[in-house]
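Subject: Structure for you to look at, with notes

Dear colleague,

I am handing over the structure we spoke about, and below it you will find my notes on the charged pairs and the cysteines. Please keep the model open while you read, so that you can look up each residue as it is named.

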Amino acid sequence: ELQGRLPIQVSLTALTAEDFTRILTEPRCNLMKQSQALLGTEGISLRFTGDAAAELGKVCEELNKNLENTGARRLQSVMEHIVDDLSFATPTNSEVEISAAMIREVSESLMARADLNKFIL
């Protein structure tokens with residue numbers, strides 16, 4: 001009980017693009033599989049190309065550098081941005097492939113928003 005009352009400061013290094021890619025691909029129930037299952041309930045078959053995870057890692061690293069560093073939570077917010085667009089715009093019983101080019105295209109809007117956040121007081 002006494003230990004919980006003592007102030008402890010820990011400094012951590014920021015996650016790299018490789019760290020984000022490992023988080024996306026290595027766990028048994030990773031975020032990519034969860035997104036596939038989520039869209040599968042709506043009858044949408046979701047596939048990721050081989051370079052999609054690496055590109056998503058690069059985008060998350062860059063967003064964490066330019067915005068608030070939220071760590072691995074950034075993966076969830078970017079993936080949610082991608083999946084939300086697909087779930088509303090894609091018809092049932094169709095197949096969607098997420099590639100690095102598609103992730104770059106979606107991330108441009110997030111990057112533009114990041115640039116505008118610099119000017120808000």
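A salt bridge here is a side-chain nitrogen of Lys or Arg within 4 Å of a carboxyl oxygen of Asp or Glu. Please bear in mind throughout that this is a predicted model. As general background, side chains of opposite charge can pair when their charged atoms come close.

How many salt bridges does a search of the whole structure find? The search gives four, and I describe some of them here, beginning with the one between E95 and R47, whose side chains meet at 2.9 Å, N to O. Because E95 belongs to strand β2 (residues 94–98) and R47 to strand β1 (residues 44–48), this pair ties together parts of the chain that are 48 residues apart in sequence. As for their surroundings, E95 counts as exposed at 58% relative accessibility, while R47 is partly exposed, with a relative accessible area of 37%.

R47 also forms a salt bridge with E97, and in that pair the closest N and O atoms are 3.4 Å apart. Here too distant parts of the chain are linked, with R47 in strand β1 and E97 in strand β2, 50 residues apart. E97 is partly exposed, its relative accessible area being 43%. Taken together, R47, E95 and E97 are linked in a network of salt bridges.

Another salt bridge joins the side chains of R104 and E55, at 3.5 Å from N to O. R104 lies in helix α5 (residues 100–117) and E55 in helix α3 (residues 52–66), so this pair ties together parts that are 49 residues apart in sequence. Are the two partners buried or exposed, fully or in part? R104 counts as partly exposed at 40% relative accessibility, whereas E55, at 11%, counts as buried.

Finally, a word on the cysteines. The structure holds zero disulfides, a term that would require a pair of cysteine sulfur atoms within 2.5 Å. When you look at the cysteines themselves, you will find that C29 is partly exposed, with a relative accessible area of 49%, and that C60 is buried, with a relative accessible area of 0%.

With best wishes

Methods:
Residues numbered from 1 in each chain as written. Predicted model: local features only at pLDDT ≥ 70, side-chain atom pairs only at ≥ 80, totals over all residues. Heavy atoms only, no water. Buried < 20%, exposed > 50% of the residue type's maximum accessible area, 1.4 Å probe, protein only. Helix = DSSP H or I, 4+ residues; strand = E, 2+ residues; numbered from the N terminus.
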